[in-house]
Amino acid sequence: MLSYRRVLRLPGVRVILLLTWLARLPPTAMGVTLTLHVVTDLGRGYGAAGLVGTATMLGSALGAPLIGRLIDRYGLRPVLALCGVASTAFWIGAPWLPYPVLVTIALPAGMLVVPVGSISRQVLTTLVPPEQRRSAYSLESVLTEASFMVGPAAGIAISTQFSGTAALLAIGAGFAVGSFLLYWHNPPIRTRTEAVTGERPAMREWLTRPLAATLCTATGALFCLAGTELATLAALRATGDVSWTGPVIVAMCVASAVGGIVHGAVRRSLSLTPLLILLTLLVIPAGLFAQPWWLLAIALIPTNVACAPTLASITEEVGRLAPARVRGEAMGLLDSSTRLGLALGSPVVGFAIDHASAAWGFAAAGIGGLGIASAGLALRLRMGLAKPVPAP
């Protein structure tokens with residue numbers, strides 16, 4: 001734990017971790033809240049609910065590199081102002097939109113979603129020296145899991161105890177508050193020694209094979225995570241235990257947080273390839289233990305132990321390989337890769353659930369995630385550890 005104390009003593013680290021944790025609460029509640037809204041309030045199926053999530057995530061995947069480039073060029077505050085207003089407006093208006101309009105508007109709204117994850121990773125890369133970044137990224141992953149304990153549970157509670165409209169309005173208000181706090185704090189995105197002058201390097205110069213392999217792995221990992229979340233909700237709804245969704249998600253997040261704490265504290269941990277394999281394979285049999293709800297929670301613990309370490313390893317690789325001059329765009333590409341995985345995971349696993357069962361949803365999440373990541377895994381196994389690209 002000494003490594004974590006050293007990271008937290010660094011100037012600015014505690015503040016940015018707290019602010020980004022708060023700003024992450026609305027995005028973590030989006031998926032499950034939209035699913036309940038579409039399935040319950042609009043009377044559609046899980047595939048239709050996944051399509052709305054796909055539109056949102058596809059938009060954010062397309063927009064993330066552009067948003068990252070804007071951060072590189074204009075700084076953080078103008079981007080936060082633009083994205084904060086757009087995200088707040090979409091979620092406040094979402095409850096009154098008919099399904100076809102909701103699907104249509106979700107794409108452009110997703111392009112302007114507040115890039116909390118990208119901002120957090122970019123700022124931590126600036127504030128933390130390279131030898132301490134594994135601990136910093138692991139700590140960030142643990143706090144991300146903590147936000148997943150609060151966000152989805154709060155979204156479900158508001159949806160079931162009040163209404164889906166109230167839950168969507170709360171997400172809109174959360175985006176407004178989180179964007180304002182980050183705008184007010186205005187954390188650094190580069191160190192004083194990192195050059196920002198001169199011509200911007202072409203993408204082909206810094207988007208190397210090792211970086212592309214890491215981005216592909218990120219897509220597979222998030223496909224698995226998105227599919228697991230949807231399959232969990234469907235399994236609990238099928239057995240009449242949907243009210244226990246919050247505790248099950250909390251158990252999943254605690255398992256992931258424990259894995260992340262260990263990953264960042266030990267001197268040597270598993271590398272990205274075995275972590276990704278464990279994450280995807282261990283979720284496949286979870287559907288065999290869908291009832292009672294607490295047994296499902298226990299069955300999901302092994303795969304979630306690998307969750308935070310996998311995400312931390314992905315972030316560490318991107319931060320190591322990306323030059324400082326294009327760090328915003330590189331982190332945007334990481335956001336695109338993860339959101340592409342989220343966008344693909346929801347409808348594919350939703351299709352498996354609608355046409356088979358929740359148990360097949362878990363299998364689709366694991367097999368599909370491993371299949372997508374296989375290209376990146378093949379590159380990583382072929383190249384071994386890649387050397388970082390020198391900053392221009």
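Guide: A nonpolar core is a set of buried Ala, Val, Leu, Ile, Met, Phe, Trp, Tyr and Cys residues joined through side-chain atoms within 4.5 Å, where buried means under 20% relative accessible area, exposed over 50% and partly exposed in between (1.4 Å probe, protein chains only). This is a predicted model, in which local features need pLDDT of at least 70 and side-chain atom pairs count only at pLDDT 80 or more, while totals for chains, interfaces and linings use all residues. Residues are numbered from 1 along each chain as its sequence is written, and side-chain values use heavy atoms, with hydrogens and water left out.

Visitor: Which helix contributes the largest share of the largest nonpolar core?

Guide: The largest nonpolar core has 96 residues, and those with the most contacts inside it are W91, L102, L279, L300 and F362. The largest share of this core amounts to 12 residues, and these come from one helix (a DSSP run of H or I of at least four residues, numbered from the N terminus). That helix, spanning residues 209-238, is α10.

Visitor: Which residues does F362 touch, not counting those up to four places away in sequence?

Guide: F362 is among the residues with the most contacts inside the largest nonpolar core. With contact meaning heavy atoms within 4.5 Å, and with residues up to four places away in sequence not counted, F362 touches T228, A231, T232, A235, V283, I284, A286, G287, L296 and L300.

Visitor: How many residues are in the second, separate core?

Guide: A second core stands separate from the largest one, and its members include L36, L233, I249 and C253. One of these, C253, is buried at a relative accessible area of 5%. The number of residues in this second core is six.

Visitor: How far is the sulfur of C307 from the closest cysteine sulfur?

Guide: A search of the whole structure finds zero disulfides, a disulfide being a pair of cysteine sulfur atoms within 2.5 Å. C307 is buried, with a relative accessible area of 4%, and the closest cysteine sulfur to its own is that of C253. The separation is too far for a bond, at 8.0 Å.

Visitor: Are α11 and α15 parallel or oblique to each other?

Guide: The axes of α11 (residues 245-265) and α15 (residues 307-321), being lines fitted to C-alpha atoms over the stretch in contact, come within 6 Å and cross at roughly 50 degrees, on a scale that runs from 0 to 180 degrees between N-to-C directions. Angles under 35 degrees count as roughly parallel, over 145 as roughly antiparallel, 65 to 115 as roughly perpendicular and the rest as oblique. The two helices α11 and α15 are therefore oblique.

Visitor: How many charged residues are in the contact of α11 with α15?

Guide: The contact is made by S256, G259, G260 and H263 of α11, together with C307, A308, P309, A312 and S313 of α15. In this classification Asp, Glu, Lys and Arg count as charged, Ala, Val, Leu, Ile, Met, Phe, Trp, Tyr, Cys and Pro as nonpolar, and the others, Gly among them, as polar. The residues divide into four nonpolar and five polar, and the number of charged residues is none.

Visitor: How many charged residues are in the contact of α3 with α16?

Guide: The axes of α3 (residues 46-74) and α16 (residues 327-355) come within 7 Å and cross at roughly 175 degrees, and the two helices are therefore roughly antiparallel to each other. The residues of their contact divide into 12 nonpolar and 10 polar, and the number that are charged is seven.

Visitor: How far apart in space, C-alpha to C-alpha, are G341 and L222?

Guide: G341 is in helix α16 and is buried, with a relative accessible area of 0%. Leaving aside its neighbours within four places in sequence, G341 is in contact with T219, L222 and F223. G341 and L222 are 119 residues apart in sequence, while their C-alpha separation in space is 4.8 Å.

Visitor: What separates the C-alpha atoms of V128 and P11?

Guide: V128 lies in the loop between α6 (116-127) and α7 (133-161), yet this residue is buried, with a relative accessible area of 1%. Leaving aside its neighbours within four places in sequence, V128 is in contact with L10, V13, R133 and A136. V128 and P11 are 117 residues apart along the chain, and their C-alpha atoms are separated by 9.1 Å.

Visitor: Which residue has a positive phi although it is not a glycine?

Guide: The residue lies in the loop between α8 (164-185) and α9 (203-206), and its phi is about 50 degrees. At 36% relative accessibility it counts as partly exposed. This residue is N186.
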